[in-house]
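Ready to look at how a few labels get earned? Have the sequence and the model open while you read.

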Amino acid sequence: MATLLYIQSSIFNENGQSSQLAATFIDTLKAKQPELTVVIRDVVADNLPHIDASIAGAFFTPEADRNNEQQSIVERSDALISEIKAADYIVIGLPMYNFGIPSQLKAYFDQIARAGITFKYTDTGAVGLIDDKPVYLLTARGGIHKDSGDYEVPYVKEYLGFLGLTSVETIYAEGLNMGDDVANKARGEATKEIKSAVASL
Ligand SMILES: Cc1cc2nc3c(=O)[nH]c(=O)nc-3n(C[C@H](O)[C@H](O)[C@H](O)COP(=O)(O)O)c2cc1C
């Protein structure tokens, strides 16, 4: 039985455009794989803290030397890492806010990048320690960025690749604030791409 991890990061929760694309993805895959288990990681609801010296310090402290506060910081991170490692598919609802990812998603990314656990450095460079699996980025943008000055998707792909996740497919819904015609067309095309992506699973 397969597990899909859905990482929701819209500040508009399930009403977000990226969340609605994710719902289409999940419903379509569920129809094909009724046994599918869906795990929702709502990084906005989680309200994870910004990474700071105490969090980074806890990550770098060997288990035997951690105090109670450091131990609970590491346990929260460990749980998030176990969740993503256990998934067979990952869907990330990816809004663009001020040219980048939601800060809540960045806080999540900062929780799951752990030396020796999700990546390591070797003589020949960095090696990701999460087994590769299909990852779908479902992007939603008010404007159009894809072919000029898109720093968001390249950043997310670079980050995921660092952890070992290199099989990443991106589906774009752009121009959502550019009038109904543009928005409806973008949503329609993204929906078609989602259905075709799911058909290949
Ligand atoms: C705070 C904020 C910042 C935004 N910044 C951008 C931006 O830089 N570029 C863009 O194309 N759209 C921008 N938008 C529009 C969003 O990308 C658009 O509303 C999209 O649907 C957000 O995804 P969501 O509905 O899943 O939250 C912004 C929206 C908000 C609320």
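What follows is a set of questions and answers on this predicted model.

Q: Why is Asp110 called buried?
A: Its relative accessible area is 19%, and buried means under 20%. So Asp110 gets the label buried. You'll find Asp110 in helix 5, where it touches Ile51 and Phe59, leaving out residues up to four places away in sequence.

Q: What makes Ser77 count as buried?
A: The cut-off is under 20%, and Ser77 has a relative accessible area of 0%. Therefore Ser77 is buried. Ser77 lies in helix 4. Setting aside neighbours within four places in sequence, Ser77 is in contact with Phe59, Gln111 and Arg114.

Q: Which other residues of helix 4 are buried along with Ser77?
A: Besides Ser77, the list has Gln70, Ile73, Val74, Leu80, Ile81, Glu83 and Ile84. These buried residues pack against strand 1 (3–8), strand 2 (37–42), helix 3 (53–60), strand 3 (89–95) and helix 5 (103–112).

Q: How do you know that the reach of helix 4 is close to what's expected?
A: Helix 4 covers residues 68–86, which makes 19 residues. From first C-alpha to last it reaches 27 Å, and at 1.5 Å a residue the expected value is 27 Å. Set one beside the other and the reach is close to the expectation.

Q: What makes the pair at the start of helix 4 a polar contact?
A: A side-chain oxygen of Asn67 comes to within 3.1 Å of the backbone nitrogen of Glu69. The cut-off for a polar contact is 3.5 Å, so this oxygen and nitrogen pair fits.

Q: Why is Asn47 called exposed?
A: Exposed means over 50%, and Asn47 has 63% relative accessibility. So the label exposed is right for Asn47. Asn47 lies in the loop between helix 2 (43–46) and helix 3. Its phi is positive, about 50 degrees, although Asn47 is not a glycine.

Q: How do you know whether Asn98 is buried or exposed?
A: Check its relative accessible area, which is 77%. Exposed begins over 50%, so Asn98 is exposed. Asn98 lies in the loop between strand 3 and helix 5, and it too isn't a glycine but has a positive phi of about 50 degrees.

Q: What links Asn98 to the ligand?
A: A backbone N or O atom of Asn98 lies 2.8 Å from a nitrogen atom of the ligand. A polar backbone atom of Gly142 is 3.1 Å from a ligand nitrogen, and a polar backbone atom of Gly143 is 2.7 Å from a ligand oxygen. On its own the ligand has 630 Å² of accessible area, and the protein covers 78% of that.

Q: Which residues come nearest to the ligand, and what classes make up the shell?
A: There are 17 residues around the ligand, and Ser10, Ser18, Tyr97, Gly143 and His145 come nearest. By class, the shell has seven nonpolar, nine polar and one charged residues.

Q: Why is Asp150 called buried?
A: Its relative accessibility is 10%, and the limit is under 20%, so Asp150 counts as buried. Asp150 sits in the loop between strand 6 (135–140) and helix 6 (152–162). Not counting residues up to four places away in sequence, Asp150 touches Met96, Arg141, His145 and Tyr172.

Q: What makes the link between the side chains of Asp150 and Arg141 a polar contact?
A: The distance is 2.9 Å, and the cut-off is 3.5 Å. So the two side chains are joined by a polar contact.

Q: What makes Ala140 count as buried?
A: At 8% relative accessibility, Ala140 is under the 20% limit, so buried it is. Ala140 is in strand 6. Leaving out residues up to four places away in sequence, Ala140 touches Gln17, Ser18, Leu94, Pro95, Met96, Ala173 and Leu176.

Q: Why is Asp27 called exposed?
A: Asp27 has a relative accessible area of 53%, and exposed means over 50%. Therefore Asp27 is exposed. Look for Asp27 in helix 1 (residues 17–32).

Note on methods. Residues numbered from 1 in each chain as written. Predicted model: local features only at pLDDT ≥ 70, side-chain atom pairs only at ≥ 80, totals over all residues. Heavy atoms only, no water. Near = heavy atom within 4 Å. Polar contact = N/O pair within 3.5 Å; in protein donor to acceptor, adjacent residues only side chain to side chain. Areas by Shrake-Rupley, 256 points an atom, 1.4 Å probe, with all protein chains shown as cover. Nonpolar A, V, L, I, M, F, W, Y, C, P; charged D, E, K, R; others polar. Helix = DSSP H or I, 4+ residues; strand = E, 2+ residues; numbered from the N terminus. Expected span 1.5 Å × (residues − 1). Buried < 20%, exposed > 50% of the residue type's maximum accessible area, 1.4 Å probe, protein only. Contact = heavy atoms within 4.5 Å.
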